[in-house]
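User: Please walk me through this protein model. I want the confidence, the sheet and the hollow spaces.

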Amino acid sequence: MSKRMRRREFVTLLGGAAAPWPLGARAQQPAKIPRVGLLSTFSPSETRRWHQALRQGLRDLGWVEGENISIEYRYAEGRLDRLPAIATDLVRLKVDLIFTDTTSPALAAKNATRSIPIVVASASDFVETGLAQSLARPGGNITGLDQIAPELGGKRLELLKEIVPKLSSVVVLWNPQNKTSTRNRNELQDPASQLGLTLHSLEVRHADELDKAFEVATRARADALAILPEPVFVANLKRIAGFAAKNHLPSIFHLREFADAGGLITYGPDRSDLFRRAAAYIDKILKGTKPADLPIQRPTKFELVINLKTAKALGLTVPHSLLQRADEVIE
């Protein structure tokens, strides 16, 4: 009898000892690592500088990729038609937040989810494109930084005029299907008139329309080339810069990467700075703040980059005063 009692006590002891184990095991499990879905219109090579700035911004706030945050990278490689499917895929993965570089992927993400927070690093007019109700109170699941600065188009024409004093006509590449591109084109009219410039407007909706646009531009015999903000042009910077060089056209764009590709001059918001600042939105949202309560910010830093090698190849002398104002001169 006593043996049976001891055995029963032993079994009871085992059961009592086993019960706390799952709780102890759970207590030792690491906290869930937030997962961010990064959705880009472009390719990894085109966005390398921007995404490095984003990761640096996150590190400055204590978020280290692979340690306490993970990032799912998705690239459309310049094909806007791929964005909806990629956005849906990120939603299916149940990421904690979707980060996008520009307006097009942000709209795709918005159509894919109304609950997952979305942060945009460099949108083109949140309100007009329907991404937010207002800059002060976005109102939905989207917030971030807006790169809109209406006066920049006119400033780019002024920069061209400084380098080419006899400038009288400019070919303008734009996409009529892009609201931002359309607005920027309209905003060029008054500055062009004040500078005494004739604008030759060339519509480009897809990359396969570039060659035709180049032919028309060549026949127009314009003095310079201005490219308006548009994903198709970002994905074809080298191609456009090559055309400008071949036809001896001074050219200007809003992204410094265009000067790196051989374009003459770039002037616009410092996109790396925007991506670095976007990390603060990710930080706040992952810590519990709602996107609707985070006001949309605008650029505070602009960069002027001049490719002096291109200027020399075009036979142009860049004024010393302009070189002094440049953030970077490529020699």
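Questions and answers on those topics follow.

Analyst: This is a predicted model, where local features need pLDDT of at least 70, side-chain atom pairs count only at pLDDT 80 or more, and totals for chains, interfaces and linings use all residues. Residues are numbered from 1 along each chain as its sequence is written, and side-chain values use heavy atoms, with hydrogens and water left out.

User: What pLDDT does the protein chain average?

Analyst: pLDDT is the predictor's confidence in each residue, from 0 to 100. A score of at least 70 is reached by 91% of the residues. The chain average is 89.

User: Over which residues is the pLDDT below 50?

Analyst: One stretch has 0 contacts in the model beyond near neighbours in sequence; contact means heavy atoms within 4.5 Å. Where pLDDT is low, the predicted coordinates should not be read in detail. The stretch below 50 is residues 1-27.

User: Which strands stand at the edges of the sheet, and why is one side of each left without a neighbour?

Analyst: Strands (E, at least two residues) and helices (H or I, at least four) are DSSP runs, numbered from the N terminus. Two strands pair if DSSP finds at least two bridges between them. The open sheet has 7 strands with mixed pairing, in the order β7-β6-β8-β9-β10-β11-β12. Each edge strand has a single partner, so one side lacks a neighbour in the sheet: these are β7 (198-203) and β12 (328-330).

User: Which residue in β7 is the bridge partner of Val170?

Analyst: Strand β6 (residues 169-174) runs parallel to β7, and 6 bridges join them. In β7, the partner of Val170 is Leu199.

User: At about what angle does helix α6 run to β10?

Analyst: Axes are lines fitted to C-alpha atoms, for helices over the stretch in contact, and angles run from 0 to 180 degrees between N-to-C directions. Helix α6 (residues 152-163) lies across β6, β8 (224-227), β9 (251-253), β10 (265-269) and β11 (302-307). Its angle to β10 is about 155°.

User: Which element gives the most to the lining of the largest cavity?

Analyst: On a 1 Å grid over the protein atoms alone, a cavity is a set of points where a 1.4 Å probe fits but cannot get out, a pocket is an open set with protein on both sides within 12 Å along at least five of seven lines, and lining residues have an atom within 4 Å of a point. The largest cavity holds about 150 Å³ and has 15 lining residues, with Arg156 and Asn184 among those nearest its centre. Two or more residues come from α6 and from α7 (179-194). The biggest contribution, 4 residues, is from α7.

User: Which element gives the most to the lining of the second largest cavity?

Analyst: This cavity holds about 60 Å³. Its lining includes Gly153, Arg156, Leu157 and Ile252. Both α6 and β8 supply at least two residues. The top contributor, with 3 residues, is α6.

User: How many residues line the largest pocket?

Analyst: The largest pocket has about 600 Å³ of space. At least two lining residues come from each of α5 (103-112), α7 and α9 (231-234). Leu80, Ser104, Asn178, Glu230 and Pro231 lie nearest its centre. The lining count is 28.

User: Which element gives the most to the lining of the second largest pocket?

Analyst: This pocket has a volume of about 310 Å³. Ser45, Glu46, Leu237, Lys238 and Glu257 lie nearest its centre. Helices α3 (44-60), α10 (237-246) and α11 (256-260) each supply at least two lining residues. The most, 5 residues, come from α3.

Terms used:
Grid points are joined across faces, edges and corners, and a volume is the space filled by probe spheres set on the points.
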